[in-house]
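This report covers a helix pair and two loop residues in one chain. Please look over the sequence and the structure before reading on.

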Amino acid sequence: MNEQIKVSAIVSCFNGSKYLPAFLENCTEQTVVDRIEIVLVHNNPTSQELEIVKKYQTQYPRLFKHVIVTREPFAVSVNRAIKISSGE
């Protein structure tokens, strides 16, 4: 377990290109950004969505875990994210 990660924010995304840039930007502005991770399970992402996420992963490689899956139920995505999260 990564000792610095205190909180894992678990996010499932499908068809979110409209909201993704603002969401990811907001994540980087948190006052505890050095102690959190964002686990994004991305359901059937578009090329536009992948480019958006890539930009933030490049700038903040420790902050974002990005998992790409085919479309799956929300609960399955959440359980997947929980399994790979590092937070306490």
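In which hand, left or right, does α1 pass α2 in their crossing? The model is predicted, and in it the crossing of α1 past α2 is right-handed.

**The helix pair**

Two packed helices are described by the angle between their axes and the distance between the axes. Helix α1 covers residues 20-28 and helix α2 covers residues 47-59. Their axes come within 10 Å and cross at roughly 15 degrees. Angles under 35 degrees count as roughly parallel, and α1 and α2 are therefore roughly parallel to each other.

On the α1 side, the contact is made by L20, P21, L24, E25 and T28. These residues meet E49, I52, V53 and Y56 of α2. By type, the residues of this contact are six nonpolar, one polar and two charged.

**Two loop residues with positive phi**

N15 is not a glycine, yet its phi is positive, at about 55 degrees. N44, also a residue other than glycine, has a positive phi near 45 degrees. The table gives the loop in which each of them lies.

| Residue | Phi | Place |
|---|---|---|
| N15 | about 55 degrees | loop between β1 (7-14) and α1 |
| N44 | near 45 degrees | loop between β2 (36-43) and α2 |

Is N15 buried or exposed? N15 has a relative accessible area of 58%. Over 50% counts as exposed, so N15 is exposed.

Key
Residues are numbered from 1 along each chain as its sequence is written. This is a predicted model: local features need pLDDT of at least 70, side-chain atom pairs count only at pLDDT 80 or more; totals for chains, interfaces and linings use all residues. Side-chain values use heavy atoms; hydrogens and water are left out. Axes are lines fitted to C-alpha atoms, for helices over the stretch in contact, and angles run from 0 to 180 degrees between N-to-C directions. Helices (H or I, at least four residues) and strands (E, at least two) are DSSP runs, numbered from the N terminus. Angles under 35 degrees count as roughly parallel, over 145 as roughly antiparallel, 65 to 115 as roughly perpendicular and the rest as oblique. A crossing is left-handed if the near helix is turned anticlockwise from the far one by less than a right angle, and right-handed if clockwise. Contact means heavy atoms within 4.5 Å. Ala, Val, Leu, Ile, Met, Phe, Trp, Tyr, Cys and Pro count as nonpolar, Asp, Glu, Lys and Arg as charged, and the others, Gly among them, as polar. Buried means under 20% relative accessible area, exposed over 50%, partly exposed in between (1.4 Å probe, protein chains only).
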